[in-house]
Each structure stands twice: as C-alpha cells, then as structure tokens.
Amino acid sequence: TVITTRDLQGPVFVGSWVWRQRWKGLVVVGLRRLAGGVGILVVLAVAVVAYLLATFDPNRYKDVLIDKVRTDYQRTLVLQGPISLGLWPSLHVKLSQVRLSEHQREQAFASAEGLELSVQALPLLQRQLRVNRVQAHGVSLRYARDAQGRSNIDDLLKPDDEPQPEDDQPGEPVAIEVAAIA
C-alpha cells in the first residue's frame with residue numbers, strides 16, 4: 001500500500017505528536033528539577049565551608065601543637081606569629097615567626113620568618129596527606145654532628161619505638177606525598 005500525506009493527518013499521527021510533546025515537557029521539567037537540586041547542594045556546601053572558615057580559629061590549637069612537639073620530640077616549638085588558613089587556590093596553612101629548639105635544649109635548631117604548607121583537600125578524607133607545596137622564607141637551620149657521628153636531627157628521623165597501648169586500636173596509616181618544596 002502507498003501512504004499519502006492525507007493518511008498522515010489521521011488521529012494516530014496527531015496522538016503520537018501530542019505524546020511526544022508531553023514527553024519532551026516531562027524531560028525538561030525533570031532536568032530543571034535536577035539542576036535546581038544540584039544547585040541547592042552546591043550553595044549549601046559553599047555555605048558550610050564559609051561558616052567553618054569564619055568560625056574556625058587555628059590559633060586555638062597553637063598550645064596543642066607546642067605540647068605535642070614537647071612531649072613527642074623533647075623540643076621547644078615557638079609560634080610567635082598568627083596561624084592562618086586559606087582555601088584559594090588550594091587548602092593551605094601559613095605560619096610566621098617559627099622556631100624549633102635543639103633536642104632537650106633551648107638553643108635554636110631551625111627558624112623561619114614564614115612557612116606555607118599547601119595540601120590537596122580530597123585526599124584528606126581518605127587519610128592521605130598530599131602536599132602540593134612547602135614554601136619557606138627567612139630560614140635558618142643549624143646542623144651539627146658530634147664525634148660519635150650522631151647528628152642533631154637523628155631524633156627526628158628515628159621511628160617510634162614505643163608500643164601502642166592495648167586499649168588503643170591502631171588506625172590506618174596516613175600516606176604522605178609531597179609535590180614541591182620551594
């Protein structure tokens with residue numbers, strides 16, 4: 001049989017055209033709702049990050065960091081300047097006027113006018129520390145070796161020999177990767 005244009009004007013053709021228009025409308029509405037939902041999630045994520053940055057004070061943790069260095073390494077850490085956090089262009093921490101003492105002595109081992117540590121944020125969620133950049137300026141470092149061949153950094157390089165307490169479950173190890181030091 002031959003189909004002519006007159007045959008295409010019947011009720012079957014008109015009905016299928018209406019169905020296609022309805023289908024297109026449903027798809028457009030669904031995509032708009034999906035885009036709106038994604039947009040709301042992005043706005044909420046930005047708001048949470050902005051709130052955390054506005055309310056989080058890294059300077060409250062200076063004493064914790066100083067005590068940790070004192071107890072674990074028997075060295076004195078001095079953080080005279082403020083600690084600042086930033087998100088752009090990547091997650092970073094800036095320190096100023098930093099000094100670290102020799103092992104069990106007050107004599108300065110290392111000091112810096114400014115330090116900046118830039119890390120990738122997403123690997124932190126997987127317990128990995130990926131450092132993009134370590135930048136320091138005004139660095140002073142004192143390296144010494146005694147007659148027995150021991151250096152003043154040996155205590156920093158040795159692994160922990162202390163056994164874990166039985167109550168404490170050891171966690172996953174943190175992987176550290178450094179991309180650049182400036």
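The largest nonpolar core in this predicted model has nine residues, namely I66, V69, L77, L79, I83, V98, L100, F109 and A110. Two or more of these residues come from each of four elements, which are helix α2 (62-73) and the strands β1 (77-79), β3 (91-101) and β4 (108-119). L77, itself a member of the core, shows how some of these parts meet: once its neighbours within four places in sequence are set aside, L77 is in contact with L65, I66 and V69 and also with V98, R99 and L100. Of these partners, I66, V69, V98 and L100 are listed among the core residues.

A polar site can be followed from the loop between β2 (84-86) and β3, where S90 lies. S90 counts as buried because its relative accessibility is 17%, and the cut-off for that class is under 20%. The side chain of S90 makes a polar contact with the side chain of S118, at 2.5 Å. When residues up to four places away in sequence are not counted, S90 touches V119 and N132 as well as S118.

The surface offers a nonpolar feature of another kind, a patch formed by W23, L26, V27, L31, L34, V38, V42 and V46, which together have about 800 Å² of accessible area. One of these residues, L34, has its place in helix α1, which covers residues 11-55. Is L34 buried or exposed? With a relative accessibility of 55%, L34 counts as exposed, since that class begins at values over 50%. The nonpolar side of the model is thus represented here both by a core that includes L77 and by a surface patch that includes L34.

Technical notes: Residues are numbered from 1 along each chain as its sequence is written. This is a predicted model: local features need pLDDT of at least 70, side-chain atom pairs count only at pLDDT 80 or more; totals for chains, interfaces and linings use all residues. Side-chain values use heavy atoms; hydrogens and water are left out. A nonpolar core is a set of buried Ala, Val, Leu, Ile, Met, Phe, Trp, Tyr and Cys residues joined through side-chain atoms within 4.5 Å. Buried means under 20% relative accessible area, exposed over 50%, partly exposed in between (1.4 Å probe, protein chains only). Contact means heavy atoms within 4.5 Å. A polar contact is a pair of N or O atoms within 3.5 Å; within protein, one must be able to donate a hydrogen and the other to accept it, and residues adjacent in sequence count only if both atoms are side-chain atoms. Patches are made of residues with over 30% relative accessible area and no salt bridge: like charges are joined within 9 Å, nonpolar side chains (Val, Leu, Ile, Met, Phe, Trp, Tyr) within 5 Å. Accessible areas come from the Shrake-Rupley method with a 1.4 Å probe; for residues, only the protein chains shown count as cover. A salt bridge is a side-chain nitrogen of Lys or Arg within 4 Å of a carboxyl oxygen of Asp or Glu.
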